[in-house]
Amino acid sequence: MTILIEKPEMESQVQEKRIRSEEKEMVLDGGFLAPEINSFGNSFRDYDAESGRQKGVEEFYRLNHISQSYGFVKRMREEYGKLDKVEMSIWECCELLNDVVDDSDPDLDEPQIEHLLQTAEAIRKDYPNEDWLHLTGLIHDLGKVLLHPSFGGLPQWAVVGDTFPLGCAFDESIVHHKYFKDNPDNSNPAYSTKNGIYSEGCGLENVMISWGHDDYMYLVAKENKTTLPSAGLFIIRYHSFYPLHKAGAYKHLMNEEDAENLKWLQIFNKYDLYSKSKVRIDVEKVKPYYLSLIDKYFPAKLRW
């Protein structure tokens, strides 16, 4: 399916922020307020600041970088790719996230359902005709149900956090890169080069990405025959792949379709990041709209 990307004028359309000198707040076009600085007095995604939460985030990444090996990811994809845990609707899954907090996020300590709706509603206001993108905003983090006991209650380091490829060298742009020294793949010569086991331009679909909610939700959507466009699936699978869409690493592994879809991911990422705020969403008011989108793009019940 061909996705038409808007012309460069979208940069003026999106207008990521407007700083109020007296309040130091950022305003998205949709009217959603997000602090210019997060609750710790730092900019978004500041992993170096001194605070209790940042220290916890660093410990999270230490465990993540030691444990996320090629073999581990292969086992997780084989196990959870069976989609034999439970059957439920998209909205039922949204409700399961009410008590989930992402330990890897230095900015957000709100329940995940709040973040999902903030993201979706901000996108909806700026891109009213791209309903697939609204729904993608709602469901992009649903894979975090892997933290729920009914899914085996995986540890946080195996569910959340920035993602990265396995089977090739760990790029230095990956947050807290220093902890990869204790990853078993780090001493494997086959995985230590820029391309590793891959070839240039092979396409990200053929690259093993660290296991977590992104890859899991991608598998759920794909195997349940969603009709979301390829850009939607790309966003779901790679929205935490910050080394790619923030630092530009690993682009040598992309193909032409990846390059087109990356444009949409970079648009989406602004809302995923900057819609984090204390703005509350009236769930019952917006629920009928999102139920209609779920019905359009997904079956009533999904295998998880």
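Is Leu83 buried or exposed? That was my opening lookup, and I kept in mind that this is a predicted model. Leu83 has 4% relative accessibility, so I noted it as buried.

Next I checked where Leu83 sits. I found it in the loop between helix H3 (70–80) and strand E3 (87–88). Its backbone caught my eye: phi of Leu83 is near 50°, a positive value in a residue other than glycine. I jotted down the background too: most residues other than glycine have a negative phi.

I then turned to Lys225, where phi is near 60°, again positive in a residue other than glycine. Lys225 lies in the loop between H7 and H8. At 64% relative accessibility, I put Lys225 down as exposed.

That loop led me to its two helices. How do H7 and H8 pack? I read an angle of about 150° between H7 (residues 213–223) and H8 (residues 230–238), with their axes 7 Å apart. Angles over 145 degrees count as roughly antiparallel, so that is how I logged this pair.

I listed who makes the contact. H7 brings Asp214, Asp215, Met217, Tyr218, Ala221 and Lys222, while H8 brings Leu233, Ile236 and Arg237. I sorted these residues into five nonpolar and four charged, with no polar ones.

Last entry: how many of the nine residues of H8 are buried? I got eight, so H8 is largely enclosed by the rest of the structure. Among the buried ones I wrote down Leu233, Ile236 and Arg237, three residues that also appear in the contact with H7. Gly232, Phe234 and Tyr238 are on the buried list as well.

Conventions:
Residues are numbered from 1 along each chain as its sequence is written. This is a predicted model: local features need pLDDT of at least 70, side-chain atom pairs count only at pLDDT 80 or more; totals for chains, interfaces and linings use all residues. Side-chain values use heavy atoms; hydrogens and water are left out. Axes are lines fitted to C-alpha atoms, for helices over the stretch in contact, and angles run from 0 to 180 degrees between N-to-C directions. Helices (H or I, at least four residues) and strands (E, at least two) are DSSP runs, numbered from the N terminus. Angles under 35 degrees count as roughly parallel, over 145 as roughly antiparallel, 65 to 115 as roughly perpendicular and the rest as oblique. Contact means heavy atoms within 4.5 Å. Ala, Val, Leu, Ile, Met, Phe, Trp, Tyr, Cys and Pro count as nonpolar, Asp, Glu, Lys and Arg as charged, and the others, Gly among them, as polar. Buried means under 20% relative accessible area, exposed over 50%, partly exposed in between (1.4 Å probe, protein chains only).
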